[in-house]
Amino acid sequence: MISIVIVSKDEPALDKTLAGVTAQARALAEQRGAACEIIVVDASEGRLDHIAAAHPHVRWKDFRRPPGVRVSIPHQRNEGVRSAEGEVIVFTDAGCLPEEGWLATLLRPILTDYEAVTAGVAVGPRHHEGLYDDTMRRRTHVTYLDECPTINLAFRREAYEAVGGFDEAFEYGSDVDFSWRLIDAGHRIRNVPTATVIHDWGDGRRQLRRSYVYGKARARLYRKHRARRGQLLRKEPMVLAYPLFLLGLPLTFVFPLYPALLLIPIVRNRHNGPIRVVVDHLAYGVGVLAELTGR
């Protein structure tokens, strides 16, 4: 049994996601004889009932946010796995459109090579690429990953249970925390760059919000995983560089050219929308500082 879990809240694009995932699940059943189920864990409080009615084959779970919880994503993920009957779990996000062969490709290393965890890629629609598309494409020649989100992920239930599932203390970043704990437990995340979903990352305002919460999440991740802090300068200098730059802005009154330091990332990203990248990273830095100061 393969269980495909999608967590949702107020996303009408879930309708197209379910249509695409359903087609792939049926194709997999025909090709491999593997039974598939699709589960939606929805926190929309009835606002997407019309989508549930349009997909009667989907197991729909109305999720109520626990008291005192602002963002219930990791709670929904855990509920999805608890509700699943499969020994292999697949996650993708509401709004994702799987490309042809996505599901079979993502699962092949698990079903034939006995891998425990696999991760595909998510890219923006053609002619409307997202900020993360280049990062996803650079993964092509990597066999195993250091981390991954849940937007395109499959794993054996035993791996999930070995690390205790998703940490519900996180609002955002529980997926990366999950992947780090999998690796720490001795599992490897097999990269499957040909298993692709298309995901519209949204407009600039949504991206700024995403960058801010990602910054908060990253700071929280390093507060929890202290042993990984040694890799900050080598692997993730922006986690330090942008918060320090923001803290140093008062120096502009003494050194008027201080903001010119931003020319460094602008030049480095000149072929990838440099202004967009820098604004995104500044929002990320604000998120890091907000988490560290408890705001």
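Helix packing in a predicted model

User: In this predicted model, how do you know that the length of H8 agrees with what is expected of its 21 residues?

Analyst: At 1.5 Å a residue, the 21 residues of H8 should span 30 Å, and the end C-alpha atoms of H8 are 30 Å apart, so the two values agree.

User: What makes the packing of helix H7 (residues 174-184) and helix H8 (residues 204-224) roughly parallel or oblique?

Analyst: The two helices pack at an angle of about 30°, and their axes are 10 Å apart. Angles under 35 degrees count as roughly parallel; H7 is therefore roughly parallel to H8. The crossing in which H7 passes H8 is right-handed.

User: Which residues make the contact of H7 with H8, and what classes do they fall into?

Analyst: From H7, Val-176, Asp-177, Trp-180 and Arg-181 meet Arg-218, Leu-221, Tyr-222 and Lys-224 of H8. By class, this contact has four nonpolar and four charged residues, with no polar ones.

User: What makes residues of H8 count as buried, and which are they?

Analyst: The cut-off is a relative accessible area under 20%. The residues of H8 that are buried are Gln-207, Arg-210, Ser-211, Val-213, Gly-215, Lys-216, Ala-217, Arg-218, Ala-219, Leu-221 and Tyr-222. These buried residues pack against H7, helix H9 (232-235), helix H10 (238-247) and helix H12 (274-292).

User: Why is H1 called oblique to H4?

Analyst: The axes of helix H1 (residues 14-32) and helix H4 (residues 102-113) cross at roughly 45° and come within 9 Å. Angles under 35 degrees count as roughly parallel and those from 65 to 115 as roughly perpendicular. The angle of roughly 45° belongs to neither range, which makes H1 oblique to H4. H1 passes H4 in a right-handed crossing.

User: Which residues of H1 and H4 meet, and how do they divide by class?

Analyst: On the H1 side are Val-21, Gln-24, Ala-25, Leu-28, Gln-31 and Arg-32; on the H4 side are Trp-102, Leu-103, Ala-104, Leu-107, Leu-111 and Thr-112. The residues of this contact comprise eight nonpolar, three polar and one charged.

User: How do you know that the span of H4 agrees with its 12 residues?

Analyst: At 1.5 Å a residue, H4 should span 16 Å; its end C-alpha atoms are 17 Å apart, which agrees.

User: Which residues of H4 are buried, and what follows the helix?

Analyst: Trp-102, Leu-103, Ala-104, Thr-105, Leu-106, Leu-107, Pro-109 and Ile-110 are buried in H4. Tyr-114, with a positive phi near 60°, follows H4.

Definitions and conventions: Residues are numbered from 1 along each chain as its sequence is written. This is a predicted model: local features need pLDDT of at least 70, side-chain atom pairs count only at pLDDT 80 or more; totals for chains, interfaces and linings use all residues. Side-chain values use heavy atoms; hydrogens and water are left out. Axes are lines fitted to C-alpha atoms, for helices over the stretch in contact, and angles run from 0 to 180 degrees between N-to-C directions. Helices (H or I, at least four residues) and strands (E, at least two) are DSSP runs, numbered from the N terminus. Angles under 35 degrees count as roughly parallel, over 145 as roughly antiparallel, 65 to 115 as roughly perpendicular and the rest as oblique. A crossing is left-handed if the near helix is turned anticlockwise from the far one by less than a right angle, and right-handed if clockwise. Contact means heavy atoms within 4.5 Å. Ala, Val, Leu, Ile, Met, Phe, Trp, Tyr, Cys and Pro count as nonpolar, Asp, Glu, Lys and Arg as charged, and the others, Gly among them, as polar. The expected span of a helix is 1.5 Å times one less than its number of residues. Buried means under 20% relative accessible area, exposed over 50%, partly exposed in between (1.4 Å probe, protein chains only).
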